[in-house]
Amino acid sequence: MAAQSTLRHSAAEEAIAAFVEKYSEIIRTKLRNTTRTTRLLCTLALATSIILAGEGTRRRWKRKRAEKEQGRKLVRTNSWLHNKDGSRTIYVPYKDGTSKVVISSTKPLTFEAHRRLFLNPPRVSGLGDGHVPSAQTKPGLNLAFLHQFLSLMSIMIPRWTSKEAGLLVSHGAFLMLRTYLSLVVARLDGEIVRDLVAGNGKAFLLGLAKWCGLGGFASYTNAMIKYLESKVSIAFRTRLTRYIHDLYLNDNLNYYKLHNLDGGVGQGADQYITQDLTQFCAAAANLYSSLGKPFVDICVFNYQLYRSLGPLALTGLLSNYFLTASILRKLSPPFGKLKAVEGRKEGDFRSLHARLIANAEEVAFYGGAEMEKTFLNKEFKSLKNWMEGIYMLKIRYNILEDFILKYSWSAYGYLLSSLPVFLPAWGGLGGATEQAGGHGGEKYGRERERMKDFITNKRLMLSLADAGGRMMYSIKDLSELAGYTSRVYTLISTLHRAHANAYYVRGRENELYSLSDVQGTTQKGFDGVRLENVPIVAPGLWPQGGEELIESLSMMIRRGDHLLISGPNGIGKSAIARVIAGLWPVYRGLVSRPKNNGEDGIMFLPQRPYLSIGTLRDQVIYPDGEADMREKRKNEYDLKKALDLARLGYLPDREGGWDTRKEWKDVLSGGEKQRVAIARLLYHEPQFAFIDEGTSAVSSDVEGLLYETCKEKGITLITISTRASLKKYHTYNLVLGLGERGDEWELQRIGTESEKMHVERELQELRERLSQVEAWKARREEIEVELNKVWVDSGEELSPPSYADIAKQNTSEEEQQQDQQQQQEDTAAEETQDEYQEAKSVLDSELTETESDTETETERDVSTTEGSGIVV
Ligand SMILES: Nc1ncnc2c1ncn2[C@@H]1O[C@H](COP(=O)(O)OP(=O)(O)OP(=O)(O)O)[C@@H](O)[C@H]1O
């Protein structure tokens, strides 16, 4: 055995050597026949190409390595790259490394072009009154659905040269291929059965081999169809998600307006963007194969059957389709509407959970688990009931659908297949064969052919039934798709409405202070903050009108003037910030403000401190990212300085560096969160800053330092606070909530000369009053002493009563001597003790009254003076 293997081994080696020898010889001969110059040139070309290829590979490898390193760094620092064309390159973690994604923003022109589709749908579609589409249009298989679907399609497939179009074409090609394969399989099936019946073993085995080969190819085709369907779905979703994000998160603050002003999407856009969008894209991609493929199948198979079974069968088949479709359509429940409502209920349930997560700490402190569970269970029950209702409706529909599509169609198929046998004149090619066989053809041969034709036709019929069935099933899919389409269309049209501020409808009555009654102007680029006759109105959800908080507000703050807005809770202090920031509409008048939000402009620190996801660095530089920070030529040293000034210099060390990622809203204390916001302010150094109760959790000594630091940095502060102690850091005070109804306001200058004089005068008055009290006290003491002298019993002086001791202590020796003298001289000693007692009690009560009055007044005046924060 071993010898044999060695032999075999050497034989193989010899064969290889001979092969190498043969081709080396050929090359050598060719080389010998070429000229020296040609050889030199060839060698040079070979060497150059090797060097170039090597260098290219080296560069590519180096670039890849640098990119990998950059990707890793950007992921670690939670950053990205700005490209010249305005797009962003981000890196996302992928397997062990990172994956690069380039994100380009949708152009404003595209939004404008699409606005027509979403805000001015054709009247025939029945969506709204031709101005703003109504979100309440019932989803179903109607013209509205067609318009909505085509509008979304224009976003999903923007050009015929786009990736999505390419994917659809490839998907279509594979679908056609499968139809063709089904035809081949049907024919092969018939042939195999024929050969089996005829006992033709060789042909039978060949048929089986063909069958297996075909099976492999068909399996590959099926897998590709599924893969491409998923690719189409994810490509659609990517397009729509990016489009929606560009419309949702931009300078127009649509993410705020959608929920707080428009209300067109109810509780929130999250359910629409996550769940509904995914289901819509999956259903849309599936529709292509569940509707397009059966349609092609039906056309091809019908043609084939027409050829083999004749026109009668075709007519029968077609009428069967129409009948089935009309029965199912009539009896099918409104799946579109049902799905749309289900989506909304899912959204409500989900948003309750999201709410609980966001407010877990507060709920935990209150121990509100039971209450929250009640809300959640209630919402889930409503969702459950709805879904059970849908399932109940589906039972009836499924029974009908199954019976018609599976059993009655099969029976009908047998009937049609028998046409060539029983009615040869109407039986197409099959009938012709029958007739030919009837005129002297071999009996057994004819039977075999009949068998083959029957098997082929039966398979065709099965495929046809399958395709027809899928078409019919897709009526339900289509209805469900109509539901998802309506949800996604509603979201996008609402976003367009908020983006374009398209609330005004000609000819329709506008409610006072509704979104269609916005007549004010906002001027950006002003070196200060100015309001001229601006009503401060808490907006209602469209189309309702808002609630007026302040009738008309006018004020102007220039650079270097610091304003404190004070007043009772809920009076509209933060509302002023909302109007100036553009969150709430300027219904009337003029608002002027700096151009930019953030650096060199105006910055708003909201009442509830916000901490983003990301690194510690991100918390300080928010809303900048690391890339923006580098662009501004700032580094971690600057961030540390800002943190130091906000008395948070210990944070990087405590938290483990700038790249640390944590759930910051849970990690930092209330005061720390507010100081992070101040650090942000010091990092951005804007010209103006609105601080809405931004230091309420900070101790007052640190608060003072923070205010002084901000002012030293040249930031003009507009503070919203109820703390009167903050007055000393400001030059103006806008006091809200004055007047009987609390709707009046006053803009006061803090610490003016006239104010100082006024306070001086008040203090003088107080001093005078106090001196009167002193005189009264002195007089009282005199009387006390006199009284003491009356306490004489049989020539002996008695010890004075206890209250006289106090008077004694306060009286100097000199005064005592004078008193004694007076005592000797005074004839009042002859008066009775009772008379003196009476006089004393009257005096006592008068004194107490005067003292308490004066003290109360003094206290009140002093507190008023402190409250006004005037430094005298
Ligand atoms: N998004 C909103 N939509 C409608 N009304 C609102 C909205 N936010 C606040 N309001 C109402 O506007 C009024 C003023 O609210 P605002 O937040 O300005 O009060 P505030 O003076 O800042 O009070 P506080 O001192 O408690 O912060 C309140 O009555 C409040 O109910």
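In this predicted model, P623 sits in the loop that separates helix α17, residues 616-621, from helix α18, residues 626-631. The peptide bond joining Y622 to P623 is cis, with an omega of about 5°. A second cis peptide bond is found between W542 and P543, where omega is about 10°. P543 also belongs to a loop, in this case the one between strands β5 and β6. Both bonds deserve attention when the backbone is inspected, because most peptide bonds are trans.

The loop that holds P543 leads from β5 to β6, and these two strands belong to an open sheet. The sheet consists of 4 strands in the order β4-β8-β5-β6, and its pairing is mixed. Its edges are formed by β4, residues 521-524, and β6, residues 547-558, each of which pairs on one side only. From one strand to the next, the twist averages 20°.

At one edge of this sheet, β4 pairs with β8, which covers residues 590-593; the two strands run in the parallel sense and are connected over 4 bridges. Within this pairing, Q523 has S592 of β8 as its bridge partner. The reader can therefore locate the β4-β8 contact by finding these two residues, since a pair of strands is defined by the bridges between them.

A helix accompanies the sheet. Helix α16, made up of residues 573-581, lies across β5, β6 and β8. Relative to β5, which spans residues 528-538, α16 runs at about 115°.

Two further residues, elsewhere in the chain, draw attention through their backbone angles. Most residues other than glycine have a negative phi. N78 is not a glycine, yet its phi is positive, at about 60°. This asparagine lies in the loop between helix α2, residues 36-76, and strand β1, residues 81-82. Is N78 buried, exposed or partly exposed? N78 is partly exposed, because 18 other C-beta atoms lie within 10 Å, whereas a buried residue would need 20 or more.

L253 likewise has a positive phi of about 60° without being a glycine. Its place is the loop between helix α6, residues 201-248, and helix α7, residues 254-262. L253 has 16 C-beta neighbours inside 10 Å and therefore counts as partly exposed; an exposed residue would have 12 or fewer.

Methods
Residues are numbered from 1 along each chain as its sequence is written. This is a predicted model: local features need pLDDT of at least 70, side-chain atom pairs count only at pLDDT 80 or more; totals for chains, interfaces and linings use all residues. Axes are lines fitted to C-alpha atoms, for helices over the stretch in contact, and angles run from 0 to 180 degrees between N-to-C directions. Two residues are in contact if their C-beta atoms, placed from the backbone, lie within 7 Å.
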